Amino acid sequence: MSAVPRSKMSRVISNERLADGVYLMRLEEDGAAGPGQFYMLGLGHPLLPRPLSICEAGDGWADFCYVVYGAGTMKLAAARPGDTLRLIGPLGNGFDMDEINAYGRVAIISGGAGVAPFVEVVKHLKREPAVFCGFSDFSYLTGRLPNARVAVESGGKTEAKYTGFVTDLLKPGDFDAVLACGPEGFSRAVVRMCAEAGTPLYISLDRRMACGVGACMVCACATTGGNKRCCADGPVFKGGELII
């Protein structure tokens, strides 16, 4: 990552509602972003920019999935095609696909909006992974992933065949490596499960961020090597180095 991240005004191509409170925004973007990296989306004074992982990228565009939960994401949801937003990035260290592709059987597991980065990640895998996606009430983006098994905690309106936690479906010992992304409680469970099974884990952490470039330390996380910045040192970490 460069000392001064690239910043530009980007035009909204589309802003699609996927489910209640969940949106997929496509922005003009021609940067070379890697799987698991993120951008800071500027919202203007007085709102801080919001960190959003790359869901998928193509020729001249990038997709971002987000959940509406406050003033900033409400402003994103109100954006219309032709509007402009400040796009800062790509930022952070994503999934090391060369290292991951050296493994045989790989599993992907996500919780909630943690499903988003794996739409791009699977495009860079040499072998088809086993995919497990968990949601609280309803699922989204699973159609963009190969043969995803879906778990929904509430058993609400969804195509899910399993009601409960997605971690109930994963047996880490059946795989050579696991890739994960999701909320904090989910992350703790997956780190523990993979450690007990002795299965290598690559996990993208979901942390609140302010600057996105490692200056403010808002997103610090505890590791065996001391505190690290989720934005600059991550957001992808190896499970064995995390203390969560």
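In the predicted model, Ala-222 of strand β14 has Asn-227 in β15 as its bridge partner. The two strands, β14 (residues 220-223) and β15 (residues 226-229), run antiparallel and are joined by four bridges. The connection between β14 and β15 is a hairpin that passes through two residues. The two faces of β14 differ in their surroundings: Cys-221 and Thr-223 lie on a covered face, whereas Ala-220 and Ala-222 lie on an uncovered one. Ala-222, the bridge partner of Asn-227, thus belongs to the uncovered face of β14.

An open sheet is formed by seven strands, arranged in the order β4-β3-β7-β1-β2-β6-β5 with antiparallel pairing. The edge positions are held by β4 (50-53) and β5 (56-58); each has a single partner strand, so one side of each lacks a neighbour in the sheet. From one strand to the next, the twist averages 35 degrees. Within this sheet, β1 (residues 7-19) pairs with β7 (residues 84-91) in the antiparallel sense, over five bridges. Arg-11 is positioned opposite Thr-84 of β7. In general, the strands of a sheet pair through backbone hydrogen bonds, in either a parallel or an antiparallel arrangement.

Aromatic contacts were also examined, and the structure contains seven aromatic pairs. In one of these, the ring centres of Tyr-103 and Tyr-202 are 6.2 Å apart and the ring planes stand at 70 degrees; because an angle over 60 degrees counts as edge-to-face, the pair is assigned to that class. This pair links distant parts of the chain, since its members are 99 residues apart: Tyr-103 lies in the loop between α2 (97-100) and β8 (106-111), and Tyr-202 lies in strand β13 (residues 201-205). The two tyrosines also fall into separate accessibility classes. Tyr-103 is partly exposed, at 23% relative accessibility, whereas Tyr-202, at 4%, is buried.

A further aromatic pair is formed by Phe-138 and Tyr-140, with 6.5 Å from centre to centre and 50 degrees between the planes, a tilted arrangement. Phe-138 has a relative accessible area of 24% and is therefore partly exposed, while Tyr-140, with 7%, is buried because its value falls under the 20% cut-off. Together with Phe-135, the residues Phe-138 and Tyr-140 make up one aromatic cluster.

An aromatic ring is also approached by a charged side chain: Arg-26 lies over the face of Trp-61, at 3.6 Å from the ring centre.

How values were computed
Residues are numbered from 1 along each chain as its sequence is written. This is a predicted model: local features need pLDDT of at least 70, side-chain atom pairs count only at pLDDT 80 or more; totals for chains, interfaces and linings use all residues. Side-chain values use heavy atoms; hydrogens and water are left out. Rings of Phe, Tyr and Trp (its six-membered ring) pair if their centres lie within 6.5 Å; planes under 30 degrees apart count as stacked, over 60 as edge-to-face and the rest as tilted. Buried means under 20% relative accessible area, exposed over 50%, partly exposed in between (1.4 Å probe, protein chains only). A charge sits over a ring if NZ of Lys or CZ of Arg is within 6 Å of the ring centre and within 35 degrees of the ring normal. Two strands pair if DSSP finds at least two bridges between them. Axes are lines fitted to C-alpha atoms, for helices over the stretch in contact, and angles run from 0 to 180 degrees between N-to-C directions.
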